[in-house]
Amino acid sequence: RHAVSPKGFELSARRIARLMRGGYNLGFVDVGGWDTHVNQGGSSGYLADRLTELGRGLAGFADEIGPEVWRDTVVVVISEFGRTFRENGDKGTDHGHGSVYWVLGGGIRGGRIVGEQVKVAQATLFQNRDYPVLTDYRALFGGLLGRVYGLDQAALQKVFAGVQPKDMTLV
């Protein structure tokens, strides 16, 4: 398994879209280059450039898959780790726990933030450094897969053993 660079993501996303348009209904792309321990930047800089490339790739995927298939497509963007809230000594951030999951697609009931939320304050930071995990990604995927593919609790437990699926009513 090899992660594509953010700069190569649009090409990979367009390839996956062509495959999915041709009959496949599940695909994955691993995008590397997200460690921002040094010189992360703000509205411009390393992280902003990666987010621009991610957006370009997602837009390319939607464009390539076409409006008819996009209506029945669900895309989930997740990270294997969050980032700390405080800048480190190298003008970056370190690995954290909580994160944000992006869910998009033609049939998504979006335009909102869903799931448990807590105020970002000293008292709510996990280990006094980052956002706590409030929604397990497996629970999110379980809820989505249950809805999209009509999987029951027994089937979901085979994939996500011991995790209670969380239906966020996104589709």
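## A tour starting at threonine 84

Select threonine 84: this residue is buried, with a relative accessible area of 9%. Keep in mind that you are looking at a predicted model.

**Stop 1: around threonine 84.** Threonine 84 sits in the loop between strand 2 (82-83) and strand 3 (95-96). Which residues does threonine 84 touch, leaving out those up to four places away in sequence? Show Thr93, Asp94, His95 and Gly96, then add Arg129 and Asp130. Now pick leucine 145, which is 61 residues from threonine 84 along the chain. Draw a distance between the two C-alpha atoms; the separation is 30 Å.

**Stop 2: the whole chain.** Zoom out and colour by secondary structure. You should find five helices and four strands. Their order along the sequence is α-α-α-β-β-β-β-α-α. The radius of gyration is 17 Å, close to the 16 Å from the globule rule for 171 residues, so the chain is as compact as a globular protein of that length. Along the principal axes, the C-alpha trace spans about 50 × 35 × 30 Å.

Next, consider contacts between residues at least 6 apart in sequence. Of these, 64% join residues at least 24 apart.

**Stop 3: the surface.** Switch on the surface. The chain exposes about 10700 Å², and carbon and sulfur atoms supply 54% of that area. Buried residues account for 32% of the 171 residues. Colour by charge to find 20 positive and 18 negative charges. The mean positions of the two sets are 2 Å apart.

**Stop 4: helix 2.** Select residues 46-65, which form helix 2. How far apart are the end C-alpha atoms of helix 2? They are 29 Å apart, which agrees with the 28 Å that 20 residues should span at 1.5 Å a residue.

Show side chains for the buried residues of helix 2. Among them are Ala48, Leu54, Leu58, Phe61 and Ile65. Charged residues are on the buried list too: Arg50, Glu53 and Glu64. Gly57 and Gly60 complete it.

What do these buried residues pack against? Display helix 1 (9-21), helix 3 (67-70), strand 1 (75-77) and strand 4 (102-104) as their partners. Then step just past the end of helix 2 to glycine 66, which has a positive phi of about 85°.

**Stop 5: serine 12.** Finish in helix 1, at serine 12. Is serine 12 buried or exposed? Serine 12 is buried, with a relative accessible area of 15%. Leave aside neighbours within four places in sequence, and serine 12 is in contact with Val4 and Val29.

Note on methods: Residues are numbered from 1 along each chain as its sequence is written. This is a predicted model: local features need pLDDT of at least 70, side-chain atom pairs count only at pLDDT 80 or more; totals for chains, interfaces and linings use all residues. Side-chain values use heavy atoms; hydrogens and water are left out. Helices (H or I, at least four residues) and strands (E, at least two) are DSSP runs, numbered from the N terminus. The radius of gyration is taken over C-alpha atoms; the globule rule is 2.2 Å times the number of residues to the power 0.38. Buried means under 20% relative accessible area, exposed over 50%, partly exposed in between (1.4 Å probe, protein chains only). Contact means heavy atoms within 4.5 Å. Accessible areas come from the Shrake-Rupley method with a 1.4 Å probe; for residues, only the protein chains shown count as cover. The place of a charge is taken as NZ of Lys, CZ of Arg, CG of Asp or CD of Glu. The expected span of a helix is 1.5 Å times one less than its number of residues.
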